[in-house]
Amino acid sequence: MTGPDEASGETAEPQGGKKRGTRRFPLWTRDTARPEGGGRAAPGDAPAPARQWPLISVLAVTGLGLLLTAFDVFRVGTMLVGLALIGGAVLRWVLPGVGMLAVRSRFTDMLTYGLLGLVIVLLAMMAQPDPWLRIPFLQDTLHFTVR
């Protein structure tokens with residue numbers, strides 16, 4: 001039977017294989033590609049935590065930051081969360097295989113982890129009371145909008 005399959009846009013070959021009859025993308029995705037660098041960070045015979053050490057290290061630093069935040073060391077804890085994300089961006093850049101830390105392409109992961117980490121660190125440094133970092137135009141903008 002040869003002829004187009006209307007749901008997927010594929011034509012059946014006489015041998016039973018399917019050949020795409022159109023250049024359009026299929027309506028339903030049948031499979032997804034692993035992210036670049038999404039392989040194991042350790043050999044397959046290593047225990048599961050050792051294979052995922054990049055993700056576990058980022059989660060451990062994030063957990064420590066959240067614990068410090070819960071114990072009222074807000075600024076240091078929040079900065080640790082941001083630094084964990086920046087560390088995840090560095091690991092994603094340096095290592096060829098980072099396991100489940102790889103979510104998207106290498107560039108997108110690095111950009112996302114790095115920017116979010118930087119914003120969290122900057123916001124933690126500008127938090128009141130007694131900010132460690134003052135950006136004058138932000139204060140002027142706030143006084144301009146709130147009268």
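**View 1. V76 sits in helix 3, which spans residues 74–94.** This is a predicted model, so keep that in mind as you look around. Is V76 buried, exposed or something in between? With 38% relative accessibility, V76 counts as partly exposed, because that label covers the range from 20% to 50%. V76 also has company: together with L64, L67, F71, V73 and W132, V76 forms a nonpolar patch on the surface. Add up the accessible area of that patch and you get about 610 Å².

**View 2. Helix 3 and helix 4 cross each other.** Helix 4 takes in residues 106–126. The axes of the two helices come within 8 Å, and they cross at roughly 160°. That angle is why helix 3 is called roughly antiparallel to helix 4. As for handedness, this crossing is left-handed.

**View 3. D72 has a positive phi, at about 70°, even though D72 isn't a glycine.** Look for D72 in the loop that links helix 2 (53–70) to helix 3. D72 counts as exposed because its relative accessibility is 71%.

**View 4. D130 is a residue other than glycine with a positive phi, near 60°.** You'll find D130 in the loop between helix 4 and helix 5 (136–145). Its relative accessibility is 60%, so D130 counts as exposed.

**View 5. Zoom back out and the protein shows five helices and three strands.** Follow the sequence along and the pattern reads β-β-β-α-α-α-α-α. How many of the 147 residues count as buried? The share is 25%.

Methods. Residues are numbered from 1 along each chain as its sequence is written. This is a predicted model: local features need pLDDT of at least 70, side-chain atom pairs count only at pLDDT 80 or more; totals for chains, interfaces and linings use all residues. Side-chain values use heavy atoms; hydrogens and water are left out. Patches are made of residues with over 30% relative accessible area and no salt bridge: like charges are joined within 9 Å, nonpolar side chains (Val, Leu, Ile, Met, Phe, Trp, Tyr) within 5 Å. Accessible areas come from the Shrake-Rupley method with a 1.4 Å probe; for residues, only the protein chains shown count as cover. A salt bridge is a side-chain nitrogen of Lys or Arg within 4 Å of a carboxyl oxygen of Asp or Glu. Helices (H or I, at least four residues) and strands (E, at least two) are DSSP runs, numbered from the N terminus. Buried means under 20% relative accessible area, exposed over 50%, partly exposed in between (1.4 Å probe, protein chains only). Axes are lines fitted to C-alpha atoms, for helices over the stretch in contact, and angles run from 0 to 180 degrees between N-to-C directions. Angles under 35 degrees count as roughly parallel, over 145 as roughly antiparallel, 65 to 115 as roughly perpendicular and the rest as oblique. A crossing is left-handed if the near helix is turned anticlockwise from the far one by less than a right angle, and right-handed if clockwise.
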